[in-house]
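Here are some exercises to work through with the model open beside you. Try each task before you read its solution.

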Amino acid sequence: MAPFRLGLLAAFLTLAIDQASKLWLYLRTDLVLTQPWAVAPFTDFVVVWNRGVSYGMFQQEGDLGRWLLVGLSVVAALALGFWMKRAGTRLLAISLGLIVGGAIGNAIDRAVFGAVFDFVHLHAGDWSWYVFNIADAAIVAGVVGLILDSLMPERKTDRQHDLTDASNPRP
């Protein structure tokens, strides 16, 4: 499968799983009333409405901040989508797709609810990590993929080889 198609698949799957998990937990369970739910010794499901960005920074209480964050997410997703269209590797395309799907998922939350629905809380003893969702996890995985892709040795496409060989004829 072509890199762009894999990236689109990653974006759509991320968006679908993210939205399905949030809607199911919020609308089809009593998590809001009975939280926290212990999922594992180190994981709970809780309800946190994040009106800010990563780690709850830059909390936005008004509509202006909310819609600016929605707009920023959409613009970022579109720009990353154009980059994904030109991606030369599967890893790069999938990584960009994960980020695009996560950004759109969180933008939908912000547009519909006014905040992002976070629900996964990781902890160990007294140590506590922030609360996140599937979109956030996909964005982090996508960034890790971007870093890994940037560390890979450059691979030239057949077209690049043809152009290089044509411009440097051998005697």
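**Exercise 1. Find out whether Asp118 is buried or exposed, then look at what surrounds it.**

Step 1. Asp118 has a relative accessible area of 2%, so it counts as buried. The cut-offs here: buried is under 20% relative accessible area, exposed is over 50%, and partly exposed is in between, with a 1.4 Å probe and protein chains only.

Before going on, some ground rules. This is a predicted model, so local features need pLDDT of at least 70 and side-chain atom pairs count only at pLDDT 80 or more, while totals for chains, interfaces and linings use all residues. Residues are numbered from 1 along each chain as its sequence is written, and side-chain values use heavy atoms, with hydrogens and water left out.

Step 2. Place Asp118: it sits in strand 3, residues 116-124. Helices (H or I, at least four residues) and strands (E, at least two) are DSSP runs numbered from the N terminus.

Step 3. List the contacts, meaning heavy atoms within 4.5 Å. Skipping neighbours within four places in sequence, Asp118 meets Val46, Val47, Val48, Asn50, Val131, Phe132, Asn133 and Asp136.

**Exercise 2. Work out how Asp118 and Asp136 are related in the annotation and in space.**

Step 1. Check the record: an unreviewed UniProt entry puts the feature "active site" at Asp118 and Asp136. UniProt positions are given in the numbering used here, feature names are shortened, and annotations may be inferred rather than shown by experiment.

Step 2. Compare sequence with space. The two positions are spread over 19 residues of sequence, yet they cluster, with a largest C-alpha distance of 8.7 Å.

Step 3. Look at the partner. Asp136 belongs to helix 5, residues 134-151, and is buried because its relative accessibility is 15%. Leaving out residues up to four places away in sequence, Asp136 touches Asn106, Asp118 and Tyr130.

**Exercise 3. Trace the salt bridges: how many are there, and which residues do they join?**

Step 1. Apply the rule: a side-chain nitrogen of Lys or Arg within 4 Å of a carboxyl oxygen of Asp or Glu. The count comes to two salt bridges.

Step 2. Start inside helix 1. Asp18 pairs with Lys22, with the closest N and O atoms 2.9 Å apart. The two are four residues apart in helix 1, so about one helical turn separates them.

Step 3. Follow Lys22 across to Asp109, where the closest N and O atoms are 2.7 Å apart. Lys22 lies in helix 1 and Asp109 in helix 4, so this pair ties together parts that are 87 residues apart in sequence.

Step 4. Check burial. Lys22 counts as buried because its relative accessibility is 3%, and Asp109 does so at 1%. Asp18 is buried too.

Step 5. Put it together: the bridges share partners, and Asp18, Lys22 and Asp109 form one network.

**Exercise 4. Pick out the largest nonpolar core and say which helix gives the largest share.**

Step 1. Use the rule: buried Ala, Val, Leu, Ile, Met, Phe, Trp, Tyr and Cys residues joined through side-chain atoms within 4.5 Å. The largest core has 11 residues, among them Ala11, Leu80, Met84, Leu96 and Leu146.

Step 2. Assign them. Helix 3 (63-85) and helix 4 each supply at least two residues, and helix 4 gives the largest share, five residues.

Step 3. Zoom in on Leu80: neighbours within four places aside, it contacts Leu96, Ile99 and Val100.

Step 4. Don't miss the second, separate core of eight residues, which includes Phe45, Val47, Val120 and Phe132.

**Exercise 5. Map the nonpolar surface patch and find where Trp49 fits in.**

Step 1. The patch covers about 870 Å², and its members include Leu23, Tyr26, Trp49, Ile104 and Phe113. Patches take residues with over 30% relative accessible area and no salt bridge, joining like charges within 9 Å and nonpolar side chains (Val, Leu, Ile, Met, Phe, Trp, Tyr) within 5 Å. The areas come from the Shrake-Rupley method with a 1.4 Å probe, and for residues only the protein chains shown count as cover.

Step 2. Helix 4 provides the largest share, four residues.

Step 3. Trp49 lies in strand 2, residues 43-50, and counts as partly exposed because its relative accessibility is 31%. Beyond four places in sequence, Trp49 contacts Tyr26, Phe113, Ala115, Val116 and Phe117.
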